[in-house]
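Please open the structure in a viewer and keep the sequence panel visible. The tour proceeds by selections, and each stop explains what is found there.

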Amino acid sequence: MASLIPSFFGGRKTNVFDPFSLDIWDPFEGLFSSTLSNVPALTGETSAFVNARIDWKETPQAHVFKADLPGLKKEEVKVEVEEGRILQIRGERSKEQEGKNDKWHRIERSSGKFLRRFRLPGNAKMDQVKASMENGVLTVTIPKAEEKKAEVKAVEISG
């Protein structure tokens with residue numbers, strides 16, 4: 001029996017329900033001369049797990065990402081940092097096994113892989129990333145480097 005869950009796999013690397021599912025969102029694009037040339041090409045994996053919504057909050061001390069991943073165990077989620085200050089969060093929710101005598105009336109919970117990538121600003125301490133998962137919520141915290149205050153030096157005017 002064919003699966004009742006529609007396939008979202010196609011030629012384009014973005015899910016129609018989640019325009020940021022595989023795109024790297026760069027909030028600093030255009031401000032610096034950075035390019036995406038140092039980011040590896042994305043694989044053919046496409047998000048079918050459309051509920052992988054992620055919030056990004058910046059506090060005075062850190063960048064905090066929160067992802068609602070109900071039903072996933074921490075072993076099913078990977079948090080990685082890549083060159084070019086890229087934070088990558090990915091995982092997979094397995095499809096529920098269809099029994100021989102099962103009769104589905106409704107399928108609303110999505111399954112499949114998800115992959116989200118974010119370019120972090122220069123003040124993120126990439127070597128101090130911490131992640132925790134509690135009650136289906138993944139929290140990734142990346143401390144910020146202290147901003148150096150501009151030193152003001154008086155210049156004597158001659159003449």
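The stops below lead from the whole chain to its strands, its core and a single residue.

**The whole chain**

Begin by selecting the entire protein chain, bearing in mind that the model is predicted. The chain contains 8 strands and 0 helices, so that a cartoon view follows the pattern β-β-β-β-β-β-β-β along the sequence. Of its 159 residues, 31% are buried. The chain exposes about 11500 Å², and carbon and sulfur atoms supply 51% of that area. Consider next the contacts between residues at least 6 apart in sequence: 63% of them join residues at least 24 apart.

**The open sheet**

Now select strands β2, β3, β8 and β7. In the order β2-β3-β8-β7 they form an open sheet of 4 strands with antiparallel pairing. At its edges lie β2 (54–58) and β7 (130–134), each of which pairs on one side only. Neighbouring strands in this sheet are turned by 15 degrees against each other on average, direction ignored.

Remain at the β2 edge and display the pairing with β3. These two strands run antiparallel and are joined by 5 bridges. Within this pair, Lys-57 stands opposite Val-64 in β3.

**The hairpin of β4 and β5**

Move to strand β4 (residues 77–82) and add β5 to the selection. The two strands run antiparallel, with 6 bridges between them. Select Lys-78 and look across to β5, where Arg-90 stands opposite. Then follow the turn: 3 residues lie between the strands of this hairpin, and Gly-84 takes a positive phi near 85 degrees.

**The largest nonpolar core**

Which residues have the most contacts inside the largest nonpolar core? Select Phe-65, Leu-69 and Ile-89 to see them; the core as a whole has 17 residues. The elements giving two or more residues to this core are β3 (62–68), β5 (86–93), β6 (112–119) and β8 (137–143). Among these, β8 gives the most, with 3 residues. In soluble globular proteins, nonpolar side chains tend to be buried together.

**Thr-139**

For the last stop, select Thr-139, which is placed in strand β8. Is Thr-139 buried or exposed? Its relative accessible area is 17%, and because buried means under 20%, Thr-139 counts as buried. To view its surroundings, show Val-64, Phe-65, Lys-66, Lys-130, Ala-131 and Ser-132, which Thr-139 touches when residues up to four places away in sequence are not counted. Two residues from earlier stops reappear here: Val-64, which stands opposite Lys-57, and Phe-65, from the largest nonpolar core.

Technical notes
Residues are numbered from 1 along each chain as its sequence is written. This is a predicted model: local features need pLDDT of at least 70, side-chain atom pairs count only at pLDDT 80 or more; totals for chains, interfaces and linings use all residues. Side-chain values use heavy atoms; hydrogens and water are left out. A nonpolar core is a set of buried Ala, Val, Leu, Ile, Met, Phe, Trp, Tyr and Cys residues joined through side-chain atoms within 4.5 Å. Buried means under 20% relative accessible area, exposed over 50%, partly exposed in between (1.4 Å probe, protein chains only). Contact means heavy atoms within 4.5 Å. Accessible areas come from the Shrake-Rupley method with a 1.4 Å probe; for residues, only the protein chains shown count as cover. Two strands pair if DSSP finds at least two bridges between them. Axes are lines fitted to C-alpha atoms, for helices over the stretch in contact, and angles run from 0 to 180 degrees between N-to-C directions.
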